[in-house]
Amino acid sequence: AGVPGRWTPHSAFGTTDTSTVSRVPAAATGARYRDNGAPGERREDDPGYYGAVVWDRGGHIIEVVAHSR
């Protein structure tokens, strides 16, 4: 398992719409995952990137992203 702030396993899942991305943190925190910032655009990462990131209970990063370009 990973440790926040260090290299950790990272799984990313793509979707075609931002509403799916926006629903992930609420569902994940309900399952005792830890939110890592509100869903939204991350222009510093990539123009057109809309994502949400959570840490699972083992410290792994789970990301859901929709690209609009």
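Me: Which side chain has a polar atom 2.8 Å from the backbone nitrogen of H60?

Reply: This is a predicted model, in which local features need pLDDT of at least 70, side-chain atom pairs count only at pLDDT 80 or more, and totals for chains, interfaces and linings use all residues. Residues are numbered from 1 along each chain as its sequence is written, and side-chain values use heavy atoms, with hydrogens and water left out. A polar contact is a pair of N or O atoms within 3.5 Å; within protein, one must be able to donate a hydrogen and the other to accept it, and residues adjacent in sequence count only if both atoms are side-chain atoms. The side chain that lies 2.8 Å from the nitrogen of H60 is that of D56.

Me: Which other backbone nitrogen does the side chain of D56 reach, at 2.9 Å?

Reply: D56 belongs to the loop between β4 and β5. Helices (H or I, at least four residues) and strands (E, at least two) are DSSP runs, numbered from the N terminus. In the hairpin of β4 and β5, with 5 residues between the strands, a positive phi near 90 degrees is found at G59. At 2.9 Å, the side chain of D56 reaches the backbone nitrogen of that residue, G59.

Me: How far from D56 is the nearest side chain of opposite charge?

Reply: D56 is buried, a word that means under 20% relative accessible area, with exposed over 50% and partly exposed in between (1.4 Å probe, protein chains only). Lys and Arg count as positive and Asp and Glu as negative, while His and the chain ends are not counted. D56 has no salt bridge, that is, a side-chain nitrogen of Lys or Arg within 4 Å of a carboxyl oxygen of Asp or Glu. The nearest side chain of opposite charge is R57, at a distance of 7.3 Å.

Me: Which residues is D56 in contact with, leaving aside its neighbours within four places in sequence?

Reply: Contact means heavy atoms within 4.5 Å. With those neighbours left aside, D56 is in contact with Y33 and I62.

Me: Which residue forms a salt bridge with E41?

Reply: A search of the whole structure finds 1 salt bridge. Its closest N and O atoms are 3.0 Å apart. E41 counts as partly exposed because its relative accessibility is 47%, and its partner counts as exposed because the relative accessible area is 60%. That partner is R43.

Me: In what order do the elements of the chain run from the N terminus on?

Reply: The chain has 1 helix and 5 strands. Of its 69 residues, 33% count as buried. From the N terminus on, the order is β-α-β-β-β-β.

Me: How many of the 7 residues of β4 are buried?

Reply: In a regular strand the side chains alternate between the two faces of the sheet. On one side of β4, Y49, G51, V53 and W55 are buried, and on the other Y50, A52 and V54 are buried, which leaves both faces covered. The number of buried residues in β4 is therefore 7 of 7.

Me: Over how many bridges do β4 and β5 pair?

Reply: Two strands pair if DSSP finds at least two bridges between them. β4 pairs in the antiparallel sense with β2 over 2 bridges, and 2 bridges also join it to β3 (residues 40–41), again antiparallel. With β5, the sense is antiparallel and the number of bridges is 7.

Me: Which residue of β5 is the bridge partner of A12?

Reply: Strand β1 (residues 10–14) and β5 pair in the parallel sense over 5 bridges. In β4, V53 stands opposite a residue of β5, namely E63. The bridge partner of A12 in β5 is likewise E63.

Me: At which residue does helix α1 bend?

Reply: The bend at a residue is the angle between axes fitted to the seven residues ending there and the seven starting there. The buried residues of α1 are V21, P25 and A28, and what covers them includes β2, β4 and β5. In α1 (residues 18–30) the bend is about 25 degrees, and the proline P25 follows within four residues. The bend is at V24.

Me: Which residue after α1 has a positive phi, near 70 degrees?

Reply: The residue lies in the loop between α1 and β2, and it is not a glycine. It counts as exposed because its relative accessibility is 63%. The residue is R32.
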